[in-house]
Amino acid sequence: MKLIVGLGNPGTKYDRTRHNFGFAVVDALAKRWAIETAREKFHAFFGDGVVRDQRVVLLKPTTFMNRSGQTVAAAGRFYQAEREDLLVLTDDLALPLGRIRMRGSGSAGSHNGLQDIIDRVGFSDFARLRLGIDAPIGNPATYVLSRFAPSELPAVERVVELATDAVECWIEHGVTETMNRFNAVENRD
């Protein structure tokens with residue numbers, strides 16, 4: 001059982017914002033794997049299916065970003081998921097747009113969604129795929145809630161595709177192999 005959680009904020013007001021990059025990847029995975037994610041449970045929209053002979057659950061929390069841990073804790077308990085079966089997809093201000101970075105553990109940095117997950121599950125050694133959104137121009141809180149500029153959209157589309165490939169690698173080969181294959185990839189014009 002693999003739990004794949006995309007971080008973001010609920011509601012149309014936040015659609016396609018930088019902070020909802022995790023949602024965009026979950027949507028792409030759902031499309032690629034033909035998994036419907038319209039059901040509601042665990043404070044999330046979710047769907048499940050089988051990918052690479054593994055049962056997977058896709059989750060998009062319906063709580064705001066800083067309460068994402070509610071979804072992860074509830075789904076983790078329900079499915080009795082192990083730490084190594086959790087993958088969180090999140091935006092990252094420290095990475096340039098076009099880069100992704102897989103990690104098997106670590107701190108939340110300044111990311112409130114990751115911090116809430118760590119606080120609620122009680123551990124930080126879970127996989128996270130960080131999706132670069134560039135360093136903020138001005139106030140970081142305003143920046144992450146802004147939409148990508150039209151000139152950035154081709155890079156965003158390529159990153160979403162790269163991230164979906166990385167998630168499939170993680171399912172089949174684990175964190176280390178995914179890090180080796182995807183962390184150095186630059187996917188921007």
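**A friendly look at helix 2 and its neighbours**

Modeller: In this predicted model, Gly69, Thr71, Val72, Ala73, Ala74, Ala75, Gly76 and Tyr79 of helix 2 are buried.

Biologist: Is helix 2 largely enclosed by the rest of the structure or open, and how many of its residues are buried?

Modeller: Helix 2 spans residues 69-79. It is largely enclosed by the rest of the structure, because the buried residues number 8 of the 11.

Biologist: Which helix is included in what covers those buried residues?

Modeller: Several elements take part, including strand 1 (2-6), strand 3 (44-51), strand 4 (54-61) and strand 5 (86-92). The cover also includes a helix, at residues 112-121: helix 3.

Biologist: Now to strand 4, where Arg55 is found. Which side chain does Arg55 join in a polar contact?

Modeller: Arg55 touches Met1, Lys2, Asp48, Gly49, Val50 and Tyr79, leaving aside residues up to four places away in sequence. Between side chains, a polar contact of 2.8 Å links Arg55 to Asp48.

Biologist: Is Arg55 buried, exposed or partly exposed?

Modeller: Buried would need under 20% relative accessible area, and exposed over 50%. Arg55 has 39% relative accessibility, so it counts as partly exposed.

Biologist: Which residue in the loop between strand 3 and strand 4 has a positive phi?

Modeller: Most residues other than glycine have a negative phi. In that loop sits a residue that is not a glycine, yet has a positive phi of about 55°. With a relative accessible area of 45%, this partly exposed residue is Arg52.

Terms used:
Residues are numbered from 1 along each chain as its sequence is written. This is a predicted model: local features need pLDDT of at least 70, side-chain atom pairs count only at pLDDT 80 or more; totals for chains, interfaces and linings use all residues. Side-chain values use heavy atoms; hydrogens and water are left out. Buried means under 20% relative accessible area, exposed over 50%, partly exposed in between (1.4 Å probe, protein chains only). Helices (H or I, at least four residues) and strands (E, at least two) are DSSP runs, numbered from the N terminus. Contact means heavy atoms within 4.5 Å. A polar contact is a pair of N or O atoms within 3.5 Å; within protein, one must be able to donate a hydrogen and the other to accept it, and residues adjacent in sequence count only if both atoms are side-chain atoms.
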